[in-house]
Amino acid sequence: MTVYMGIWKIFTNKLLRSNKILSILILLCLIITLLIILLINVQGCDCNSVGGSLLSQSTLHDQHELCLIIPFRDRFDELLIFLMHMKVFLERQNIVYNVYVVNQVDSYRFNRGSLINVGFLYIQENTHCDFIAMHDVDLIPINPRLNYSYPGDAIMHIAAPDLHPKYHYKTFLGGILMMKNEHFQTVNGLSNKYWGWGLEDDELYVRIKEARIRIERPENVGSGIDNTFR
């Protein structure tokens with residue numbers, strides 16, 4: 001208010017010393033400008049920050065929402081690195097997402113399939129996610145061409161055999177697998193019978209093929225088994 005009063009005094013003096021009509025016009029322009037600035041400050045911004053950019057409320061509701069399901073046990077250091085990295089990675093793609101870490105707390109052998117199934121049942125009841133990514137915590141994407149957007153009518157195997165640092169056989173389907181919720185329900189999720197690493201993905205591959213759902217993998221991403229993930 002002190003600044004505005006000072007400006008008012010300056011132009012009042014000008015009215016007394018110079019052309020009154022010109023001074024009045026300048027004063028009116030100044031007042032209108034100040035009113036516009038005040039109006040903008042009062043109204044603020046009616047928007048939502050999503051994926052590192054500003055999206056209108058209508059755009060937010062139109063977008064798909066991803067749920068990352070992380071089967072997990074005893075890898076807290078890796079989990080912290082993973083979460084920080086994926087936040088930046090997904091926001092750069094403007095992906096609306098949530099992360100759900102499903103922790104196995106017993107002393108039995110790791111059951112990845114059961115953990116993912118539990119995670120899916122939870123998000124079905126408690127979120128608005130319409131597609132999921134089953135994501136190993138130790139597989140961090142570093143190639144920005146890996147696309148985490150809605151896969152549509154296909155199942156997207158992001159950690160493809162020609163990109164995964166360890167597994168390269170043709171029917172490999174582990175690491176990072178993305179699909180819409182309806183497809184997960186169609187194949188009845190993963191098997192609960194496999195304890196320890198492996199085999200649940202191989203059976204899932206058979207289920208997907210029997211359901212005649214198309215599997216797609218990243219193409220022309222410009223990287224390979226040594227520089228796609230870390």
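This is a short talk on the sheet, two helices, a disulfide and two loop residues of one protein model.

Good morning, everyone. Please keep in mind that this model is predicted.

Let's start with the sheet. It is open and has six strands. Read across, the order is β4-β3-β5-β7-β6-β8, and the pairing is mixed. Which strands sit at the edges? They are β4 and β8, each of which pairs on one side only. As a reminder, strands of a sheet pair through backbone hydrogen bonds, either parallel or antiparallel. Take β5 and β7 as an example. These two run antiparallel, joined by five bridges. One residue pair to find on your screen is Ile132 with its bridge partner in β7, Met179.

Now the helices on this sheet. Helix α4, residues 76-92, packs on the sheet and touches β3, β4 and β5. The direction of α4 makes about 165° with that of β4. Helix α5 lies across β3, β4 and β5 as well. Its angle to β3 is about 145°.

Let's stay with α5. How does the span of its 15 residues compare with what we should expect? At 1.5 Å a residue, α5 should span 21 Å, and its end C-alpha atoms are 21 Å apart, so the two agree. Several residues of α5 are buried, among them Leu115, Ile116, Phe120 and Ile123. Arg112 and Asn117 are buried too. What do the buried residues of α5 pack against? Their partners are strands β3, β4 and β5, plus helices α6 and α7.

Next, the disulfide. A search of the whole structure finds one. It links Cys67 and Cys129, with sulfur atoms 2.0 Å apart. The link is right-handed, with 65° about the S-S bond. Why does this pair matter for the layout of the chain? Cys67 lies in β3, while Cys129 lies in the loop between α5 and β5, so the pair ties together parts 62 residues apart in sequence. Are these cysteines buried or exposed? Cys67 is buried, at 0% relative accessible area. Cys129 counts as buried because its 7% is under the 20% cut-off.

Last, two loop residues. Asn188 is in the loop between α6 and α7. Its phi is near 60°, a positive value in a residue other than glycine. Asn188 counts as exposed, since its relative accessibility is 62% and the cut-off is over 50%. Arg212 sits in the loop between α7 and β8. Phi of Arg212 is also positive, near 60°. Arg212 is exposed, at 78% relative accessibility.

That's the tour. Thank you.

Key
Residues are numbered from 1 along each chain as its sequence is written. This is a predicted model: local features need pLDDT of at least 70, side-chain atom pairs count only at pLDDT 80 or more; totals for chains, interfaces and linings use all residues. Side-chain values use heavy atoms; hydrogens and water are left out. A disulfide is a pair of cysteine sulfur atoms within 2.5 Å. Helices (H or I, at least four residues) and strands (E, at least two) are DSSP runs, numbered from the N terminus. Buried means under 20% relative accessible area, exposed over 50%, partly exposed in between (1.4 Å probe, protein chains only). The expected span of a helix is 1.5 Å times one less than its number of residues. Contact means heavy atoms within 4.5 Å. Two strands pair if DSSP finds at least two bridges between them. Axes are lines fitted to C-alpha atoms, for helices over the stretch in contact, and angles run from 0 to 180 degrees between N-to-C directions.
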